[in-house]
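I opened this notebook to record what I looked up in the structure, one topic per entry. The entries follow the order in which I turned to each topic.

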2 protein chains.
Amino acid sequence: MHSNESQILLYLILILIAARAGGEIAVRFRQPAVLGEILAGVALGLIPAIRPAVDQQAIIFIAEIGVILLLFEVGLDSKFDEFKRTGAPAALVAIIGVILPLVIGFGSAILLGYSTNVALFLGGTLTATSIGITARVLSDLNRSKSEEAKIIIGAAVVDDILGILVLSVVVGVGSGIAVRLGGVLLSLGLAIAFLTLALVIGTRMAPFLVGFTRRMKGRGVLAVSAFIFGLLLAYLGSLVNLAAIVGAFAAGLVLASTDDRVKITEGIQPVVDIFAPVFFATVGMRVDLTYLNPTRSESQPFLLLALVLLFIAVPTKLLAGLGAAGRRADKWAIGIGMIPRGEVGLIFASLGRTVGIISEGIYGSIIFVVLATTIITPPLLKYSFSRSRRSGTPQKRLPHHRRD
Amino acid sequence: MHSNESQILLYLILILIAARAGGEIAVRFRQPAVLGEILAGVALGLIPAIRPAVDQQAIIFIAEIGVILLLFEVGLDSKFDEFKRTGAPAALVAIIGVILPLVIGFGSAILLGYSTNVALFLGGTLTATSIGITARVLSDLNRSKSEEAKIIIGAAVVDDILGILVLSVVVGVGSGIAVRLGGVLLSLGLAIAFLTLALVIGTRMAPFLVGFTRRMKGRGVLAVSAFIFGLLLAYLGSLVNLAAIVGAFAAGLVLASTDDRVKITEGIQPVVDIFAPVFFATVGMRVDLTYLNPTRSESQPFLLLALVLLFIAVPTKLLAGLGAAGRRADKWAIGIGMIPRGEVGLIFASLGRTVGIISEGIYGSIIFVVLATTIITPPLLKYSFSRSRRSGTPQKRLPHHRRD
């Protein structure tokens with residue numbers, strides 16, 4: 001083994017141990033394991049010798065596979081028909097959750113003295129919803145099949161489609177390129193066409209696909225084929241500008257309709273258990289708040305911006321939960337589930353920095369919001385569900401979460 | 001998702017699909033799946049757009065994890081006591097399998113007109129044994145628990161220890177550094193100490209380790225902890241210059257003695273099924289034989305060298321199988337199992353090129369031998385086992401290999 005591979009192996013081992021320890025401590029404090037994994041990552045990131053791990057392609061990629069498979073598993077655990085049933089409230093939650101942060105974020109940035117372009121970009125960044133964290137918390141709390149979970153995930157998919165629209169417009173305007181309506185509509189059409197094709201045709205094709213793998217020989221054919229299918233839809237989704245996790249979720253949803261759903265889940269589960277914590281720990285490791293240090297005078301405007309953005313980011317998504325009012329579901333839990341900006345927010349921020357719309361300081365403020373929304377969601381969601389259970393909202397009481 | 005991650009995801013998908021298809025075709029032709037995976041990799045490597053995949057850190061690392069876990073699983077499937085019982089023949093097989101190729105390889109290279117240093121290096125390279133391929137073929141043929149498998153794997157572990165000695169001496173002499181006997185003995189002592197500690201103390205500690213994970217909460221704790229343990233011993237082994245797969249094998253052997261062996265295997269198996277084929281396909285993708293093109297006159301000496309080395313590489317390891325003569329095991333199958341030089345040979349060759357002992361042309365010849373020994377082993381081993389079964393050598397007839 002070459003020394004570079006040895007080094008990455010050591011990074012991976014340390015990240016896995018830290019994530020496992022952090023998850024364990026979180027569970028002992030009655031918090032979702034994912035919160036402990038993120039905080040363990042924050043702690044690892046403070047060690048200068050380990051921090052470079054997050055810049056290693058192999059670590060980034062393994063983390064990506066972890067979160068792709070997590071959403072694939074969430075899809076496998078879902079029923080397409082139920083998603084169609086929750087389509088209307090999910091769409092309403094998504095639309096409110098895009099318009100409110102966009103408008104209020106834009107207005108506040110203008111009031112703080114930022115230019116129209118920057119303000120538009122900041123508002124756009126706040127519209128993102130990343131369900132990686134929420135999906136994991138729901139899984140930790142054994143709520144993946146609840147009504148709330150269905151609406152949150154449905155809304156996140158719609159949000160991702162709307163996000164393509166917002167991003168195209170914001171980056172188009174911000175970078176001075178005239179927005180080409182045709183181009184925007186094309187990418188929007190492609191995304192919707194991909195999801196439609198994947199779900200409608202995929203669901204009909206799935207039995208044949210599974211039947212095909214049944215005729216193959218060799219060990220673990222089903223799990224390997226399902227893994228390939230999940231990665232393939234994640235990749236195809238990313239080609240039409242959807243988040244890879246949305247494509248993976250669609251793949252899971254397609255296979256959920258087959259007879260081999262349980263077997264596929266059994267094969268994919270250990271891979272998720274091993275790799276998903278790497279994703280959440282590396283999210284934590286990316287925290288670098290030196291540029292928001294309040295004792296440095298040059299940081300203060302960005303610290304102010306960060307706090308204002310956070311103050312907008314949380315309530316606007318909470319209000320989006322009202323889109324599910326009247327349903328037999330906890331609308332506050334839905335709103336909380338929409339809070340994390342996660343890696344969708346990070347992609348937004350990186351893009352803004354790359355095309356030169358925002359400065360390093362503003363970038364730092366956005367990263368702060370992304371991480372803060374990510375870290376506050378697990379305990380809030382846990383609290384919200386335990387509160388709704390106490391107040392007697394109908395909820396199936398599930399056995400203590402331990403499947404292995 | 002960034003475009004670089006998208007690109008790697010596409011590479012991984014293509015490698016997985018090719019490996020699955022190749023494995024499937026091989027099985028239809030009654031050959032071990034691994035042969036099809038390697039040949040599928042050779043085919044992929046001919047496509048200029050896909051070939052760069054093998055230089056991507058993420059792909060290299062995922063392949064490495066695949067082969068590490070494969071040997072970890074082989075260890076899990078073994079019994080330490082049985083290895084102690086087969087220790088004597090295994091050691092004899094290993095010693096013959098190191099001395100013969102070293103002496104004959106050295107002598108032949110001298111006769112071909114190479115310098116003492118180069119000849120010593122070429123002989124040293126031929127001593128390597130890589131059990132990655134053999135372990136996989138045995139698994140494909142459902143022979144992982146046979147007497148032959150135990151002797152081959154035991155011999156490969158001893159070979160790896162002897163390899164440290166040979167490599168230290170050869171590189172020390174070859175690069176003009178006076179061989180420091182103390183240094184060589186130290187690294188040899190460290191490798192033996194590591195294996196002893198890992199196996200003897202590890203086996204006693206294992207029940208406590210497993211008991212510790214039983215007190216942990218959260219999903220998949222056992223599989224995750226076992227995975228970490230496997231990677232950790234692979235890493236520690238590489239620190240004392242053992243191949244990572246030897247450390248991983250030791251980790252599996254340690255956990256094989258625990259009550260949770262079956263559960264651990266169930267958790268690790270899907271990860272092996274998904275990632276190990278990536279290793280074998282990328283081995284095939286590295287084939288680049290342009291420098292051995294017989295129509296180019298400057299290639300001809302290297303082509304001659306490659307053929308001579310191959311002609312030495314195969315029979316010398318076959319003869320090593322005689323070390324197991326008198327045992328209730330097929331000595332030819334054992335000899336064949338020792339043939340592949342695999343990644344241990346590749347590491348030897350890379351090192352020789354780096355320290356400047358060998359030229360690009362000689363490097364190409366070594367790569368040819370490594371690949372040729374890798375490709376011929378699966379069909380030979382399969383043939384050998386089917387022959388010994390027909391001739392009535394005692395062999396448990398196992399059910400057709402399909403576990404999922």
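Entry on V34(B). I began with a single side chain in a predicted model, and I noted that V34(B) has a relative accessibility of 0%, so it counts as buried, the cut-off for that class being under 20%. I then placed V34(B) in its secondary structure and found it in helix α2 of chain B, which covers residues 33-45. Next I asked which residues V34(B) touches once those up to four places away in sequence are not counted. I listed R136(B), V137(B), D140(B), F280(B) and P378(B). For one of these partners I also looked up the separation, and I wrote down that V34(B) and R136(B) lie 102 residues apart in sequence, while their C-alpha atoms are 6.8 Å apart in space.

Entry on E5(B). I turned to a second residue of chain B, and I found E5(B) in helix α1, which takes in residues 3-28. Is E5(B) buried or exposed? I recorded 12% relative accessibility for E5(B), which means that this glutamate counts as buried, since the class takes in values under 20%. When I left aside the neighbours of E5(B) within four places in sequence, I found it in contact with I60(A), F61(A) and E64(A), and I noted that these partners carry the letter of chain A.

Entry on chain A as a whole. I counted 16 helices and zero strands in chain A, and I noted that buried residues make up 60% of its 404 residues. Among the contacts in chain A between residues at least 6 apart in sequence, I found that 81% join residues at least 24 apart. For the surface of chain A, I wrote down an exposed area of about 15,700 Å², of which carbon and sulfur atoms supply 66%.

Entry on a helix pair in chain A. How do helix α10 and helix α11 of chain A pack, and at what angle? I recorded an angle of about 135° between α10(A), residues 221-239, and α11(A), residues 244-256, with the axes 7 Å apart. This angle makes α10(A) oblique to α11(A), and I noted the crossing as right-handed. On the α10(A) side I listed A226(A), F229(A), G230(A), L233(A) and A234(A), which meet A244(A), G247(A), A248(A), A250(A), A251(A), V254(A) and L255(A) of α11(A). Sorting this contact by class, I found 10 nonpolar residues, two polar ones and no charged ones.

Notes:
Residues numbered from 1 in each chain as written. Chains lettered and ligands numbered in written order. Predicted model: local features only at pLDDT ≥ 70, side-chain atom pairs only at ≥ 80, totals over all residues. Heavy atoms only, no water. Helix = DSSP H or I, 4+ residues; strand = E, 2+ residues; numbered from the N terminus. Buried < 20%, exposed > 50% of the residue type's maximum accessible area, 1.4 Å probe, protein only. Contact = heavy atoms within 4.5 Å. Areas by Shrake-Rupley, 256 points an atom, 1.4 Å probe, with all protein chains shown as cover. Axes fitted to C-alpha atoms, helices over the stretch in contact; angles between N-to-C directions. Parallel < 35°, antiparallel > 145°, perpendicular 65-115°, else oblique. Left-handed = near helix turned anticlockwise from the far one by under 90°. Nonpolar A, V, L, I, M, F, W, Y, C, P; charged D, E, K, R; others polar.
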